Amino acid sequence: MSLESAAEDGEDEYTFDDLSVVMGTYNEEAAIGTVLSDIERVTDGRAEVVCVDGSSDRTPDIAREHGARVIEQEPQGYGVAVREAVLAAERPVVVTTDCDDTYPMEALPRFLERINEGYDVVSGDRLYHGASAMPAFNRLGNHAFALLASALMGRRVHDTTTGMRAYRRDVVRRIRWTENTGLSAELLVRPLMRDYRVREEPIDYRERAGETKLDPLAGGAAIAGSILRVCLEERLR
Ligand SMILES: Nc1nc2c(ncn2[C@@H]2O[C@H](COP(=O)(O)OP(=O)(O)OP(=O)(O)O)[C@@H](O)[C@H]2O)c(=O)[nH]1
Ligand SMILES: [Mg+2]
């Protein structure tokens, strides 16, 4: 029996040796060292780390110094990078994060535990604790995206645009992903609408280190468009 089906039968459990932590990295030299050290510390250096990188600064060098696998890619936006990253993961449990030190790597054991309980997707909910470190405009937008997606799906979700989630690798490999700026919402909506076992898990959220890569207005419009398109596509499937 493979490790994967063993874990599904509850006979065995995934450990950090079964974990890939993946991210898009774009000029994140102010944050990447901290993020990768946190992953190493929390997982005893046992998780695989994959960075899909489009940087022109020292980000990829720092990533390699920390033992991460670096895949070079011309910068084409969040979703193009993160799709490549989730599909490149070699382990059966895949966790996405941003590389800007906003997400708590201390939550990795909890995410793995939830997967071991049988969830297919565990989605970090930043808004549960208030997300006071998030710019007010973004916070408002994120509440609005969650309401829009909830109305269209007929199921309440609270944070559709979070960058930190755990997935069974099967789920990310079985679904065809189409969105770029809206990929984060798509990665939640398609599994939910296909009846995968999804749960939201409250997480802390910190202020970003380094410059944002997202234009809030254009990005927000793109995300709303993605939610509408993806929900409609899933309804019509
Ligand atoms: N490789 C690659 N990575 C990207 C690209 N755009 C964004 N990223 C990375 O994707 C992650 C998310 O981008 P952020 O700038 O943090 O976007 P955000 O979280 O919506 O905005 P903030 O509130 O500023 O954190 C970061 O780790 C970026 O470095 C890109 O075009 N290529
Ligand atoms: Mg970010």
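User: How closely do the axes of helix 8 and helix 9 come, and at what angle do they cross?

Analyst: Happy to start there. Keep in mind that this is a predicted model. The axes of helix 8 and helix 9, the latter spanning residues 216-236, come within 10 Å and cross at roughly 20°. Angles under 35 degrees count as roughly parallel, so helix 8 is roughly parallel to helix 9.

User: What is the handedness of the crossing where helix 8 passes helix 9?

Analyst: The crossing of helix 8 past helix 9 is right-handed.

User: How do helix 6 and helix 8 lie relative to each other, and at what angle do their axes cross?

Analyst: You can read this pair in the same way. Helix 6 covers residues 136-153, and its axis comes within 12 Å of that of helix 8, with a crossing at roughly 20°. Helix 6 and helix 8 are therefore roughly parallel to each other, and their crossing is right-handed.

User: How many residues of helix 8 are buried?

Analyst: The general idea is to count neighbours: a residue is buried if 20 or more other C-beta atoms lie within 10 Å of its own. In helix 8, 11 of the 11 residues are buried, so this helix is largely enclosed by the rest of the structure. Among the buried residues are Leu183, Leu187, Val189 and Met193, and also the charged-type side chains Glu186 and Arg190.

User: Which residue with a positive phi follows helix 8?

Analyst: As background, most residues other than glycine have a negative phi. Helix 8 is followed by Asp195, whose phi is positive, near 65°. Asp195 is not a glycine, and it is found in the loop between helix 8 (183-193) and strand 7 (198-202).

User: Is Asp195 buried or exposed?

Analyst: Asp195 is exposed, because just 8 other C-beta atoms lie within 10 Å.

User: Where is Asp101, and what is its phi?

Analyst: Asp101 also has a positive phi, about 65°, although it is not a glycine. You will find Asp101 in the loop between strand 4 (93-96) and helix 5 (108-116). Asp101 counts as buried because it has 21 C-beta neighbours inside 10 Å. A loop position therefore does not settle burial by itself: Asp101 is buried, whereas Asp195 is exposed.

User: Which strand holds Val93 and Val94, and are they buried or exposed?

Analyst: Val93 lies in strand 4, and so does Val94. Val93 has 26 C-beta neighbours inside 10 Å and so counts as buried. Val94 has 28 and is buried too.

User: How far apart in space are Val94 and Thr162?

Analyst: It helps to read sequence separation and spatial separation side by side. Val94 and Thr162 are 68 residues apart in sequence and 15 Å apart in space, C-alpha to C-alpha. For Val93 and Arg114, 21 residues apart along the chain, the C-alpha separation is 11 Å.

User: What are the C-alpha separations for Gly33 with Ala63 and for Arg176 with Ala146?

Analyst: In each of these pairs the two residues are 30 residues apart along the chain. Gly33 and Ala63 are separated by 7.3 Å, while Arg176 and Ala146 are 22 Å apart. Gly33 lies in helix 2 (residues 32-43) and counts as partly exposed, with 18 C-beta neighbours inside 10 Å. Arg176 lies in the loop between helix 7 (169-174) and helix 8, and is exposed, with 6 other C-beta atoms within 10 Å.

User: How many residues surround ligand 1, and which are the closest?

Analyst: A shell of 24 residues surrounds ligand 1, and the closest are Gly24, Tyr26, Ala81, Thr212 and Lys213. By class, the shell has eight nonpolar, 10 polar and six charged residues.

User: Which elements supply at least two residues of that shell?

Analyst: Strand 1 (19-25), strand 2 (48-53) and helix 4 (78-88) each do so. Strand 1 gives the most, with three residues.

User: Which residues does the UniProt domain annotation cover?

Analyst: The unreviewed UniProt entry annotates residues 20-175 as "domain: Glycosyltransferase 2-like". Over that range the chain is 40% helix and 19% strand, and the end C-alpha atoms are 18 Å apart.

Terms used: Residues numbered from 1 in each chain as written. Chains lettered and ligands numbered in written order. Predicted model: local features only at pLDDT ≥ 70, side-chain atom pairs only at ≥ 80, totals over all residues. Near = placed C-beta within 6 Å. Helix = DSSP H or I, 4+ residues; strand = E, 2+ residues; numbered from the N terminus. UniProt positions renumbered as here; feature names shortened; annotations may be inferred. Buried ≥ 20, exposed ≤ 12 C-beta atoms within 10 Å, placed from the backbone. Axes fitted to C-alpha atoms, helices over the stretch in contact; angles between N-to-C directions. Parallel < 35°, antiparallel > 145°, perpendicular 65-115°, else oblique. Left-handed = near helix turned anticlockwise from the far one by under 90°.
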